[in-house]
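Me: I am a first-year student, and I should like a close look at a single part of the structure below. Please describe that part carefully and then set it in its surroundings.

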Amino acid sequence: MAHYGMLIDLTMCAQCSACTVACQTLYDRPPDQSGVYLLTYETGTFPAVKRTTLPVQCMQCQNPPCVSVCPTGASYRDSATGTVQIDASRCIGCRYCIAACPYGARQYSSTTGVVTKCTFCIGRVADGLEPACVETCIGHARVFGDLDDPGSDVNRAAAERHAVALRSDLGTRPSVYYAS
Ligand code: SF4
Ligand code: SF4
Ligand code: SF4
């Protein structure tokens with residue numbers, strides 16, 4: 001039993017999109033779809049403007065609204081890994097989960113008629129590998145591991161870098177944390 005999570009350190013992110021491309025390539029997703037996307041936004045008033053890029057993906061919520069709205073049970077939280085997964089064979093493409101996800105993490109494929117998202121590369125993890133976005137990250141901005149293990153790299157890095165979850169006020173209890 002584990003509770004997998006990830007830290008993304010924005011101070012180390014090179015905004016290169018390698019994570020997006022790695023996910024697209026590994027899962028044969030079309031160019032306009034990926035489990036990871038880069039959200040860019042600006043803050044401040046000209047000329048004191050700051051541009052920030054935020055890599056966003058499924059937050060692997062512990063209280064996931066996408067699961068509670070799914071009418072078929074296709075979306076579920078896997079208790080063995082603490083991740084949220086989609087059983088494509090049960091997905092009817094209703095897209096309720098897309099509407100329910102506050103992080104824009106899900107995408108509908110008109111080719112397959114089902115919804116996809118980041119899976120934390122759980123198949124690779126079962127084989128002892130890291131998620132593709134972690135392995136490919138040229139800035140070493142990503143740390144993956146078991147949040148239930150107090151000594152794991154992800155727990156240590158999150159504590160040292162004072163990492164926070166996105167929109168924790170929503171009560172979704174994300175498993176992805178950000179340092180900035
Ligand atoms: S980020 Fe969205 S898709 Fe992922 S578990 Fe949370 S609500 Fe579901
Ligand atoms: S699109 Fe699929 S996974 Fe999403 S709510 Fe509908 S049945 Fe569930
Ligand atoms: S691969 Fe790493 S450095 Fe590049 S955009 Fe993704 S998180 Fe940032």
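Reply: Two residues are said to be in contact when heavy atoms of theirs lie within 4.5 Å. With that cut-off in hand, we may turn to helix α1 of this predicted model, which covers residues 18-26.

Several residues of α1 are buried, namely Ala 18, Cys 19, Thr 20, Ala 22, Cys 23 and Gln 24. Here, buried stands for a relative accessible area under 20%. What do the buried residues of α1 pack against? Their partners are β2 (36-45), α5 (132-136) and β8. A general point about helices is useful at this stage: an α-helix has 3.6 residues a turn, so residues three or four places apart point the same way. Just after α1, Asp 28 adopts a positive phi of about 55°.

The start of the helix also belongs to the surroundings of a ligand. Both Ala 18 and Cys 19 are among the residues around ligand 3. That shell includes Cys 13, Ala 14, Gln 15, Cys 16 and Ser 17 as well. Other members are Leu 38, Pro 55, Cys 137, Gly 139 and Arg 142. By class, the shell around ligand 3 divides into eight nonpolar residues, three polar and one charged.

Each strand partner of the helix can now be followed further. Strand β2 runs antiparallel to strand β3 (residues 48-57), and 10 bridges join the two. Within this pair, Tyr 41 stands opposite Thr 52 in β3. The link from β2 to β3 is a hairpin through two residues.

The other strand partner, β8, belongs to an open sheet of four strands, ordered β8-β1-β10-β9 with mixed pairing. In this sheet, β8 (142-146) and β9 (164-165) are the edge strands, each pairing on one side only. Strands of a sheet pair through backbone hydrogen bonds, either parallel or antiparallel. For β8 and strand β1 (residues 4-9), the pairing is antiparallel and extends over five bridges. One example is Met 6, whose bridge partner in β8 is Phe 144.

A second ligand site and another helix may be set beside this part. Around ligand 2 there are 14 residues, and the closest are Cys 70, Cys 91, Cys 94, Arg 95 and Cys 97. The shell around ligand 2 is made up of nine nonpolar, three polar and two charged residues. In helix α3 (residues 96-100) lies Ala 100, which is partly exposed because its relative accessibility is 22%. Leaving aside residues up to four places away in sequence, Ala 100 touches Pro 65, Cys 66 and Val 69. Its C-alpha atom is 9.4 Å from that of Cys 70, although Ala 100 and Cys 70 are 30 residues apart in sequence.

Finally, the whole chain provides the setting for helix α1. Its secondary structure comes to six helices and 10 strands. The radius of gyration of the chain is 16 Å, close to the 16 Å given by the globule rule for 180 residues, so the chain is as compact as a globular protein of that length. The C-alpha trace spans about 50 × 40 × 35 Å along its principal axes. Of the 180 residues, 46% count as buried. Among contacts with a separation of 6 or more, 57% come from residues 24 or more positions apart. The accessible surface of the chain is about 9300 Å², and carbon and sulfur atoms account for 53% of that surface.

Terms used: Residues numbered from 1 in each chain as written. Chains lettered and ligands numbered in written order. Predicted model: local features only at pLDDT ≥ 70, side-chain atom pairs only at ≥ 80, totals over all residues. Heavy atoms only, no water. Near = heavy atom within 4 Å. Nonpolar A, V, L, I, M, F, W, Y, C, P; charged D, E, K, R; others polar. Rg over C-alpha atoms; globule rule 2.2 N^0.38 Å. Buried < 20%, exposed > 50% of the residue type's maximum accessible area, 1.4 Å probe, protein only. Areas by Shrake-Rupley, 256 points an atom, 1.4 Å probe, with all protein chains shown as cover. Pairing = 2+ DSSP bridges.
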